[in-house]
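Please open the structure in the viewer and keep the sequence panel visible. The tour proceeds from selection to selection, with a note on what is found at each stop.

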Amino acid sequence: MTTENNSIKVGELDFPPRKVWMKTYGCQMNYHDSERIMSHLINLNFTQTENQQEADLVLFNTCAVRDLANQKFYSHMGETNHLRKEVIVAAGGCIAQTEGKELVAKYKTLDFAFGTDVIDNIGEMVYRAYAGERKFTVTSWDRSDNYSIETKITQGTPQAFVNIIKGCDKFCSYCIVPFTRGREKSRRHAEVVTDVKRLVEYSGIQEVMLLGQNVNSFGKDNNESLADLIMDLDQINGLELLRYTTSHPYDVTDELVSAHASAKKLANHLHLPVQSGSNTVLQRMLREYTIEHYLELLAKMRKANPHMVITTDIIAGFPNETEEEHQATMQLLELAQYDNIFSYAYSPRKGTKSARMNDVLTDDIRGRRLREIMKRQLEIQENLRKGMIGKIYRILVSEKKPDKKGALKWTGRTSCMRLVHFAPETLDSDYQWHWVDVEILSATALSTQGKIIKDHGKRPTL
Ligand code: SF4
């Protein structure tokens, strides 16, 4: 019910129009969770602000996977001492799941903390805070057998994240995710198809990213599969592009490889985290595959779809990694020819197996190995990107920005996830969320520049 001053009456309380400032750390799953949180806050009359100083509610959606994200969150929490006294501060996500109580006790400005499995209860928690309750923690797990949700979108763009599986059963020795996100639980195939049809039909969604910590485990608990889901989503009229992330090499099936050959809307891109090029390191990581198996998968994928572009994650300096093991990763870069990698120096996460390993490596060695990996990868990448020159790619334009020289450039991504910048035909040309064909004129390791060949408008044509 809305009152004269635009307040909404919820239970016993009036919720006047208020502003929330939200900071999200980490992976796409967290960004998706933040969008879901926002969709609930809208029901309590909140709108989002970029200016922390004008916020009534300050919310951090934390990530525990990398030490850097942890440190950033702790430093941002320190800054909340300068906020107005009446501002409510909350922390959710992976750090809050494992350390919620400690955080609430440690930071006097933190009013409540909530875990990864209760984000759909955020409205209730905010209600409790406005009813005067402070210093509480909600980190319970959803114990039901079913995982059933409806995707919420708030951004008004043609792109949507659709969560299809939560949690992870893999327990890689360095990873905190199974402890912060719980065990795997999939949505049902039919529910996802209905959900995506609804997004396409009623919300103008054209590009969908299927999400999961280990997305290709989807459906195992229900005798369903990601490959079958992709094939059915491929039939939806109006859906233009379908992506999925993140994959575990152990769970890439032959059916999934075939889907890359036959599903017309499936992107020419696979992010397949390898983590190391050494079989002995992979064993210590408990990754459940060998490099030989991994390379065979890449070959099958590229055979199924010759336009396939592969990206990966690499950890430099896993505990006790020898120089020989590091060189195996360097050799993998040559063999795999990745289009992009996300590499970082190993840092222990409390509670994981690798954090208990008696590690002899120093930060200097890790840093040097990381720099070697990145340097060689950038050379490989630049070479691959130069192969794009003279070819025409279709992109969905997402934003415009001035380049380093101040000239206005529009930006989008190809089906294979490469960033492309191009200059507008006239200064007032508007390409926001248009599909355009761009001829690539120049390329570096990190981006490509092109000229517009055809503007299809908001729906692609043949
Ligand atoms: S597959 Fe391994 S690295 Fe990925 S979320 Fe699960 S435990 Fe973590």
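Into which domains is the protein chain divided? In this predicted model, the chain comprises domain 1 (8-138), domain 2 (146-267) and domain 3 (392-455). Colour these three ranges separately before continuing. A distance drawn between the C-alpha centres of domain 1 and domain 3 reads 36 Å.

**The nonpolar cores**

Select Leu57 and Val162 next. These two residues have the most contacts inside the largest nonpolar core, which contains 93 residues. Domain 1 (8-138) and domain 2 (146-267) each contribute at least three residues to this core. A second core, separate from it, has 14 residues, among them Met388, Val397, Ile440 and Ala443.

Return to Leu57 and display its surroundings. Beyond residues up to four places away in sequence, Leu57 touches Arg18, Val20 and Phe46, as well as Ile88, Ala90 and Val126.

**The ligand**

Centre the view on the ligand. Which residues surround the ligand? Three cysteines, Cys168, Cys172 and Cys175, take part, together with Lys170, Phe171, Val177, Pro178, Gln213, Asn214 and His248. By character, this shell consists of six nonpolar residues, three polar residues and one charged residue.

Keep Phe171 selected, since its backbone deserves inspection. Phe171 lies in the loop that connects strand S10 (165-166) to helix H5 (177-181). Although Phe171 is not a glycine, its phi is positive, at about 55°. Most residues other than glycine have a negative phi. Is Phe171 buried or partly exposed? With 13 other C-beta atoms within 10 Å, Phe171 is partly exposed, because a residue counts as buried only from 20 such atoms upward and as exposed at 12 or fewer.

**Two further backbone features**

Move to Glu288, in the loop between helix H9 (279-285) and helix H10 (291-304). Glu288 is likewise not a glycine and has a positive phi, of about 70°. It has 15 C-beta neighbours inside 10 Å and therefore counts as partly exposed.

Then select Thr245 and Thr246. The peptide bond from Thr245 to Thr246 is cis, with omega near 0°. Most peptide bonds, by contrast, are trans. Thr246 is placed in the loop between strand S13 (241-245) and helix H8 (254-262).

**Strands S14, S15 and S16**

Show strand S15 (residues 309-316) as a cartoon with its neighbours. Why is S15 described as largely enclosed by the rest of the structure? Seven of its eight residues are buried, so the remainder of the structure largely encloses this strand.

S15 runs parallel to strand S14 (residues 269-271), and three bridges join the two. To locate this pairing, select His271, whose bridge partner in S15 is Thr311. S15 also runs parallel to strand S16 (residues 340-345), to which six bridges connect it. Here the pair to select is Thr312 and Ile341, the latter in S16, which stand opposite each other.

The last stop is His269, in strand S14. His269 is buried, because 23 other C-beta atoms lie within 10 Å of its own, and the threshold for a buried residue is 20 or more. Setting aside neighbours within four places in sequence, the contacts of His269 are Arg243, Val309, Ser415, Cys416 and Met417. Arg243 is 26 residues from His269 along the chain, and their C-alpha atoms are separated by 7.8 Å.

Technical notes:
Residues are numbered from 1 along each chain as its sequence is written. This is a predicted model: local features need pLDDT of at least 70, side-chain atom pairs count only at pLDDT 80 or more; totals for chains, interfaces and linings use all residues. A nonpolar core is a set of buried Ala, Val, Leu, Ile, Met, Phe, Trp, Tyr and Cys residues joined through C-beta atoms within 7 Å. Domain bounds come from an automatic or database domain assignment. Two residues are in contact if their C-beta atoms, placed from the backbone, lie within 7 Å. A residue is near a molecule or strand if its C-beta atom, placed from the backbone, lies within 6 Å of it. Ala, Val, Leu, Ile, Met, Phe, Trp, Tyr, Cys and Pro count as nonpolar, Asp, Glu, Lys and Arg as charged, and the others, Gly among them, as polar. Helices (H or I, at least four residues) and strands (E, at least two) are DSSP runs, numbered from the N terminus. Two strands pair if DSSP finds at least two bridges between them.
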